[in-house]
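This briefing concerns the strand pairing around a single element of the structure shown below. The bullet points are grouped by topic.

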Amino acid sequence: MKATVNIGLLGLGNVGTGVLNILTHNADLLCRRTGKKLMVRKILVKDLSKQRGLKMPGIHLTDRADDILDDADIHIVVEAMGGEFPAYDYIKKALKNKKFVVTANKEVVSKHKKEFFELAKKNKVDIYFEASVGGGIPLIRSLKVGYAANKIQTLYGILNGTSNYILTQIEEKQEEFDDALNDAKKMGFAEADPTMDISGLDTAYKLTILAAVAFKMDITVNDLSYEGIQDISLKDIVYAKELGYRIKLLAIAHLLDKEEINFRIHPTMILLDHPLAAVRNELNAVFLVGDAVGESMLSGKGAGASPTGSAIVSDIIDIAFDTKIGRFYDTQGKAHVSIEGVDDPLYINKRNLEDELHQPSLVNICDIYSQFYLRLAISDSPGALARITTVFGENEVSISKILQKNTVGLDAEVVVITYHTKEEYLRKSVQVLTTLSVVKHVYSVIHVGF
């Protein structure tokens with residue numbers, strides 16, 4: 001008879017339902033692949049009276065998390081609630097109770113990853129979080145295993161499907177930001193309050209997780225610079241395309257000389273022939289450069305019940321399939337040891353566990369060099385353009401292109417593309433420009449290229 005792995009599920013919203021559906025519909029397939037039966041035994045829900053039509057037999061619903069966390073027969077706890085609390089407390093207790101944990105919660109992993117890793121190591125279990133970044137893309141596992149032979153040098157990621165969907169709709173439907181955001185809400189790609197997505201914070205959480213996995217570095221959102229897409233207009237996207245670019249919200253990690261590294265998130269104008277420029281709508285993608293593999297890209301659906309559920313179940317399979325765990329289960333779900341020579345019943349393969357993170361030498365975004373795009377409204381008067389170019393020159397910013405796009409009344413719309421310059425110099429230039437009488441408004445400042 002097949003051994004059984006018992007699963008406790010915290011939450012039965014979209015993600016939890018996606019997990020349960022996959023485990024139910026693909027039960028025979030998963031059993032053949034792992035050699036074990038993967039059974040959801042208990043589910044934490046808010047409302048016990050709600051009719052749910054569960055198809056997997058033998059499931060007990062509870063509104064008490066401790067019914068799962070304190071149950072010695074539950075081997076894997078899947079946290080599918082989202083948010084920092086009470087997920088943080090539940091994950092801690094599960095690890096202390098020597099249970100493996102699988103989560104899709106980027107916020108709680110981002111903020112508490114080091115504590116979780118240390119707690120898991122102490123209790124000889126592990127925490128898996130494939131679904132926390134990139135949805136259904138096997139990104140975490142690829143970085144841990146597929147690219148394990150590489151020193152990752154650079155990583156560029158489109159990590160927020162909501163923002164990518166909005167930018168795609170602005171371009172393809174030729175509509176303004178607010179209209180594209182409303183479309184995203186109607187399609188279910190944006191929350192009622194989309195602030196975390198469009199501000200770049202969601203992407204920032206995910207980048208801190210990738211920093212741990214790809215670079216073995218312990219950072220928080222306070223260690224990186226992030227900005228969102230809320231100030232991107234239809235004009236910017238149209239002008240970018242005219243210049244041969246497409247605007248994407250990018251998460252960037254760039255390993256510099258002397259082991260210094262910069263982490264940042266901002267809208268970026270990417271050349272139209274770059275693979276990331278073709279990533280449309282709600283899709284996510286990560287383009288990276290390894291010292292051995294060179295350039296490589298992973299892409300797929302970054303959110304949704306099924307893609308996220310797929311990633312969570314893949315983590316469950318990884319735990320169940322690893323023959324070095326040393327903890328196996330009989331048909332009643334009782335744990336016993338069956339590996340000859342393994343004295344510790346909780347012996348595990350530590351391949352997944354990130355327990356040696358270090359503090360990086362961070363480079364401030366103001367010290368990074370980039371090209372920049374600026375869109376300004378200036379007085380359509382003699383000498384106005386010369387005054388602007390003088391400001392750039394005085395702040396060590398060289399201009400690559402300057403184009404006058406439109407004239408409305410007494411004002412002219414001007415687009416400026418700089419050569420590579422230090423961000424500090426560009427910011428000083430913008431500060432001075434906003435004080436000039438000939439400058440009516442600085443509408444946009446966007447990074448150009450990598």
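In this predicted model, Thr268 of strand 10 has His447 in strand 20 as its bridge partner. That contact belongs to the parallel pairing of strand 10 with strand 20 (residues 439–448), which are joined by two bridges. The points below describe the setting of strand 10 and its other pairings.

**Burial**

- Strand 10 spans residues 260–271, and 10 of its 12 residues are buried, so the strand is largely enclosed by the rest of the structure.
- Buried here means a relative accessible area under 20%.

**Antiparallel pairing with strand 9**

- Strand 9 (residues 245–255) runs antiparallel to strand 10, and 11 bridges join the two.
- Within this pairing, Leu250 lies opposite His266 of strand 10.
- The two strands, 9 and 10, make up a hairpin, with four residues separating them.
- Lys258, located in the turn of this hairpin, has a positive phi of about 60°.

**Parallel pairing with strand 8**

- Strand 8 (residues 225–226) is parallel to strand 10 and is connected to it by two bridges.
- Ser225 has Arg264 of strand 10 as its bridge partner.

**Parallel pairing with strand 15**

- Strand 15 (residues 361–362) also pairs with strand 10 through two bridges, in a parallel arrangement.
- Here Glu260 is positioned opposite Ser361 of strand 15.

Key
Residues are numbered from 1 along each chain as its sequence is written. This is a predicted model: local features need pLDDT of at least 70, side-chain atom pairs count only at pLDDT 80 or more; totals for chains, interfaces and linings use all residues. Side-chain values use heavy atoms; hydrogens and water are left out. Buried means under 20% relative accessible area, exposed over 50%, partly exposed in between (1.4 Å probe, protein chains only). Two strands pair if DSSP finds at least two bridges between them.
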